[in-house]
Amino acid sequence: MKRRGILLLGAILLLLPLLLPNAFYYDLAVRMAINAVVVLGLNLLIGFAGQISLGHAGFYGIGAYASAILPTQFGWHPLAALAAGAVAAAALAALVAKPIFRLRGHYLAMATLGLGIVITIVLKNEAAYTGGPDGMTVPPLVLFGFELSGEKQWYWVFAANLMFSVWACSNLMDSPFGRALRALHGSEVASQGAGVDVARYKMAIFVFSAFFASIMGSLAAHYIGFVTPNVADFSHSIELVTMVVVGGMASVLGSVVGAVLLTALPQALATFEGWETVAFGVILVLFMVVLPRGLVPTLAARFARR
Amino acid sequence: MSSQFLQFLISGLTVGATYALAALGFTLIYSASNVINFAQGEFIMLGGMLTVYFTHAGLPLPVAVALAIAVPALVGMLVEKLAIEPAKGAEVVSLIIITIGASLVIRGVIQIWLGKGTFTFEPFTSGAPIVVGGAVLQWQCLWVLGVTAAIVVALWFFFRHTLAGKAILATSCNPVAAQLVGIDTKWVLLVSFALSAAMGAVGGILLTPLTMTSYDVGIMLGLKGFVAAVVGGLGSGLGALAGGLLVGIVEAMAAGYISSAYKDAVPFLLIFVILFFMPRGLFGAKVTERV
């Protein structure tokens with residue numbers, strides 16, 4: 001089932017360019033892939049570890065601004081900047097999570113939310129480096145003398161990235177590490193009894209998902225060529241959580257489906273100016289009440305029963 | 001005490017009182033249902049925005065205020081009936097997400113209906129501000145502090161001396177046992193949402209003449225109210241009050257002495273300090289979890 005799912009995704013990604021009529025649709029596909037990878041990381045945390053991060057866009061923002069600031073103002077190589085951003089995001093996640101995961105309950109939601117807001121405030125205020133609320137341009141990504149540009153080239157970068165992430169995540173979930181995580185979601189006390197170091201596992205998955213988000217933030221910044229503090233803000237974090245919920249918690253393919261559907265949604269709603277927020281809210285509530293497990297796991301269960 | 005310090009203290013206490021009202025709302029719902037209601041901030045926003053709307057519609061201020069408290073209370077009950085109750089038994093993560101969804105709906109509807117502008121209305125009492133020790137004390141600040149104090153006393157009375165209040169307390173201690181002695185726990189949840197929403201709305205109404213309001217003020221105010229509730233120790237009424245005032249004062253001092261640009265970051269830095277050194281908050285009870 002899982003192998004088939006990954007193969008199907010690969011086939012779609014390979015054939016999709018035949019169906020994409022113009023740059024606009026390429027751009028949409030690219031943004032779906034970016035969101036899908038970030039959502040995969042976030043889903044590990046929400047779906048498997050049962051913890052919620054309301055500031056994931058903050059980590060994404062750290063990556064984006066690392067790739068914007070370090071090459072333009074300090075002359076770093078873009079790849080070094082990307083790595084520095086990812087390490088910084090991971091280190092920050094670890095620093096924040098350490099006291100939190102000693103506690104039970106939902107303090108991580110609070111802490112990550114605060115962190116995301118603090119990051120946005122810093123990005124808006126430190127205008128000398130970040131350009132303030134207006135944002136700043138990001139230099140193109142040059143690899144081995146070859147400059148990545150245009151939606152078509154970037155499509156293949158992000159498609160490959162997505163394939164790798166899906167493959168890695170589904171393998172991770174079948175590994176001892178993944179089993180420990182799932183046990184942890186089932187019952188923390190029981191898994192602790194079975195020898196799982198709960199705090200360490202939660203921490204590992206949180207740091208890992210922050211790392212993921214930062215890398216995607218960097219790549220997305222290079223692709224778009226411009227960043228504003230909005231990439232780090234609360235509403236972006238909520239969008240990411242919504243994608244996890246819609247696709248299905250603890251489902252690798254669900255993350256991709258959720259990202260695809262909700263990236264397309266604002267396009268579909270473009271004619272209803274201002275209704276996006278309401279639509280996102282209604283979708284969140286409806287899914288939690290009617291389809292609490294999300295699209296993919298619910299459908300999978302239905303097919304399995306037949 | 002320098003007059004500058006006194007001035008910061010006054011503004012801190014005033015804003016802190018609003019945070020305290022929001023924190024009391026969080027605490028009430030959390031005690032009754034273990035739900036962290038992320039829509040609490042939207043009730044604060046509704047209070048201010050609806051008062052603006054009703055006064056502009058030509059209603060006298062007292063009527064407008066009464067409506068601006070009643071409507072959010074009704075919205076709170078709707079949120080509980082339509083979103084929280086049908087998901088009964090869901091995980092806490094799911095319930096958090098539901099309340100976030102509800103907050104998006106409320107904010108979005110107000111944005112479409114009343115627009116993105118910034119609004120305010122006249123303070124309740126006109127007249128020259130009082131000068132205390134070199135600091136300026138506006139009449140509206142007294143309104144904020146006075147009404148907050150009155151609400152705290154009323155809540156204390158409600159929980160200590162009325163059957164309804166005791167029913168809510170009993171439900172928060174043990175829902176199953178409460179049901180066994182004949183308490184309608186569904187009703188308790190509905191009342192908690194109505195009361196929390198009304199308290200949030202009162203805070204929003206009182207603060208609007210001082211700080212103005214718009215469709216999106218609820219996010220920050222609500223989050224700071226939540227910070228206050230956690231600082232005080234989630235589930236403790238006294239803690240919510242102390243937490244609210246503390247967050248307000250620390251924020252005002254930081255804005256005055258350090259940097260006003262980073263004012264909004266202060267409560268969130270405070271929460272890290274508190275969670276690190278006093279994980280149960282200032283007044284939080286020691287709890288043992290059962291499996």
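Let's start inside chain B, at helix α3: its buried residues pack against α2, α4 and α8 (185-211) of chain B, and also against α13 (276-290) of chain A. Keep in mind as you look that this is a predicted model.

Which residues of α3(B) are buried? Reading along the helix, they are A64(B), V65(B), A68(B), I69(B), P72(B), A73(B), V75(B), G76(B), V79(B), E80(B), A83(B) and I84(B). The helix itself covers residues 61-84. Its 24 residues, at 1.5 Å each, should span 34 Å, and the C-alpha atoms at its two ends lie 33 Å apart, so the expected and modelled lengths agree.

Now step back to the whole of chain B. You will find 11 helices and two strands, and along the sequence the order runs α-α-α-α-β-β-α-α-α-α-α-α-α. The radius of gyration of chain B is 19 Å, close to the 19 Å that the globule rule gives for 291 residues, so chain B is as compact as a globular protein of that length. Along the principal axes, its C-alpha atoms fill a box of roughly 60 × 50 × 35 Å. Of the 291 residues, 49% count as buried. The contacts in chain B tell a related story: among those with a separation of 6 or more, 77% join residues 24 or more positions apart.

From here, let's turn to where the two chains meet. Chain B brings 38 residues to the contact and chain A brings 36. On the side of chain B that touches chain A, α4 (92-114), α9 (217-232) and α11 each supply at least two residues. Which helix gives the most to that side? It is α4(B), with 16 residues. Sorted by class, this side of chain B holds 31 nonpolar, four polar and three charged residues.

Finally, how confident is the predictor? For the complex, it gives an ipTM of 0.84 and a pTM of 0.87. Chain B averages a pLDDT of 88, and 97% of its residues score at least 70. Within chain B, confidence is highest in helix α2 (residues 40-56), at a mean of 95, and lowest in helix α11 (residues 266-277), at 81. As noted above, α11 is one of the helices that supply residues to the side touching chain A. Chain A averages a pLDDT of 85, again with 97% of the residues at 70 or above. Its highest confidence falls in helix α3 (residues 56-74) of chain A, at 93, and its lowest in helix α9 (residues 188-193) of chain A, at a mean of 76. Where pLDDT is low, the predicted coordinates should not be read in detail.

Conventions
Residues are numbered from 1 along each chain as its sequence is written. Chains are lettered from A and ligands numbered from 1 in the order in which they are written. This is a predicted model: local features need pLDDT of at least 70, side-chain atom pairs count only at pLDDT 80 or more; totals for chains, interfaces and linings use all residues. pLDDT is the predictor's confidence in each residue, from 0 to 100. Helices (H or I, at least four residues) and strands (E, at least two) are DSSP runs, numbered from the N terminus. Two residues are in contact if their C-beta atoms, placed from the backbone, lie within 7 Å. Ala, Val, Leu, Ile, Met, Phe, Trp, Tyr, Cys and Pro count as nonpolar, Asp, Glu, Lys and Arg as charged, and the others, Gly among them, as polar. The radius of gyration is taken over C-alpha atoms; the globule rule is 2.2 Å times the number of residues to the power 0.38. A residue is buried if 20 or more other C-beta atoms lie within 10 Å of its own, exposed if 12 or fewer, and partly exposed in between; C-beta atoms are placed from the backbone. The expected span of a helix is 1.5 Å times one less than its number of residues.
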